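This report introduces one protein model to a reader who has not met it before. Please keep the sequence and the structure in view while reading.

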Amino acid sequence: MSCVSTKKAPAAIGPYSQGISANGFVFVSGQLPINPSTGTIAEGSIKDRTIQSMMNIGEILKEAGSGLDKVVKTTIFVTNLELFGEVNEAYGTFFGGNAPARACVQVAALPKGADIEIEAIATV
């Protein structure tokens, strides 16, 4: 087991790793839509913030020797399920016809006031 860390994704905001590589898998911690260059939540629409969260996941996977094409499962947490269609539209651009298994749930709140957080599991 090894920790995965990159400066190309936001630093962990608590006692956890950006990702863990273990037994041929990479487990990526939930990624808020934080722009790693500015340290702030991405501006714009929920689509823009979905894209930022996915880009953060991609950078962590890349650091681990994996990639978005190797994602087998994601979980999306949103604070407003009414925006599900917009999230789907942006999320879908990252996966061709071979989308991973996924769950999407509405939550009461997310850290830093974010409206979306995405976690992922991929193979190496």
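Seven bridges tie strand 6 (residues 71-78) to strand 8, and these two strands run antiparallel. Strands count as paired if DSSP finds at least two bridges between them, while helices (H or I, at least four residues) and strands (E, at least two) are DSSP runs numbered from the N terminus. The model is a predicted one, in which local features need pLDDT of at least 70 and side-chain atom pairs count only at pLDDT 80 or more, whereas totals for chains, interfaces and linings use all residues. Residues are numbered from 1 along each chain as its sequence is written, and side-chain values use heavy atoms, with hydrogens and water left out.

**The sheet**

Within the pairing of strand 6 and strand 8, I76 stands opposite I118. Strand 8 (residues 116-123) is also joined to strand 3 (residues 25-31), by five bridges and again in an antiparallel manner, and here F25 stands opposite T123. Strand 6 is joined to strand 7 as well, through six bridges, but these two run parallel; T74 has R102 of strand 7 as its bridge partner.

Taken as a whole, the sheet is open and mixed in its pairing, with six strands in the order 1-2-3-8-6-7. Its edges are strand 1 (2-4) and strand 7 (101-106), each of which pairs on one side only. From one strand to the next, the twist averages 15°, where axes are lines fitted to C-alpha atoms, for helices over the stretch in contact, and angles run from 0 to 180 degrees between N-to-C directions.

**Helix 1 and the core**

Helix 1 lies across strand 1, strand 2 (19-22), strand 3, strand 6 and strand 8, and runs at about 30° to strand 8. The largest nonpolar core has 21 residues, and I57 and L61 are those with the most contacts inside it; such a core is a set of buried Ala, Val, Leu, Ile, Met, Phe, Trp, Tyr and Cys residues joined through side-chain atoms within 4.5 Å. Strand 3, helix 1, strand 6, helix 2 and strand 8 are the elements that give two or more residues to this core, and helix 1 supplies the largest share, five residues. In soluble globular proteins, nonpolar side chains tend to be buried together.

Leaving out residues up to four places away in sequence, I57 touches V28, Q31, L68, I118, E119 and A120, contact meaning heavy atoms within 4.5 Å. R49, which also lies in helix 1, is in contact with P33, I41, A42, E43, G44, D115 and I116, its neighbours within four places in sequence being left aside.

**Buried and exposed positions**

The table lists the accessibility of several residues, where buried means under 20% relative accessible area, exposed over 50%, and partly exposed in between (1.4 Å probe, protein chains only).

| Residue | Class | Relative accessible area |
|---|---|---|
| R49 | buried | 13% |
| S66 | buried | 13% |
| P100 | buried | 13% |
| C104 | partly exposed | 21% |
| C3 | exposed | 57% |
| N23 | exposed | 77% |
| K112 | exposed | 54% |

S66 sits in the loop between helix 1 (46-63) and strand 6. Its side chain reaches the backbone oxygen of T123 at 2.5 Å, and, residues up to four places away in sequence not being counted, S66 touches V26, L61, A122, T123 and V124.

P100 belongs to the loop between helix 2 (84-92) and strand 7. Apart from its neighbours within four places in sequence, P100 is in contact with V71, V72, K73, T74, Y91 and F95. P100 and A120 lie 20 residues apart in sequence, and their C-alpha atoms are 9.5 Å apart in space.

How many disulfides does a search of the whole structure find? It finds zero, a disulfide being a pair of cysteine sulfur atoms within 2.5 Å.

**Two loop residues with positive phi**

Most residues other than glycine have a negative phi. N23, although it is not a glycine, has a positive phi of about 50°, and its place is in the loop between strand 2 and strand 3. K112, likewise not a glycine, has a positive phi of about 60° and is found in the loop between strand 7 and strand 8.

Note on methods: A polar contact is a pair of N or O atoms within 3.5 Å; within protein, one must be able to donate a hydrogen and the other to accept it, and residues adjacent in sequence count only if both atoms are side-chain atoms.
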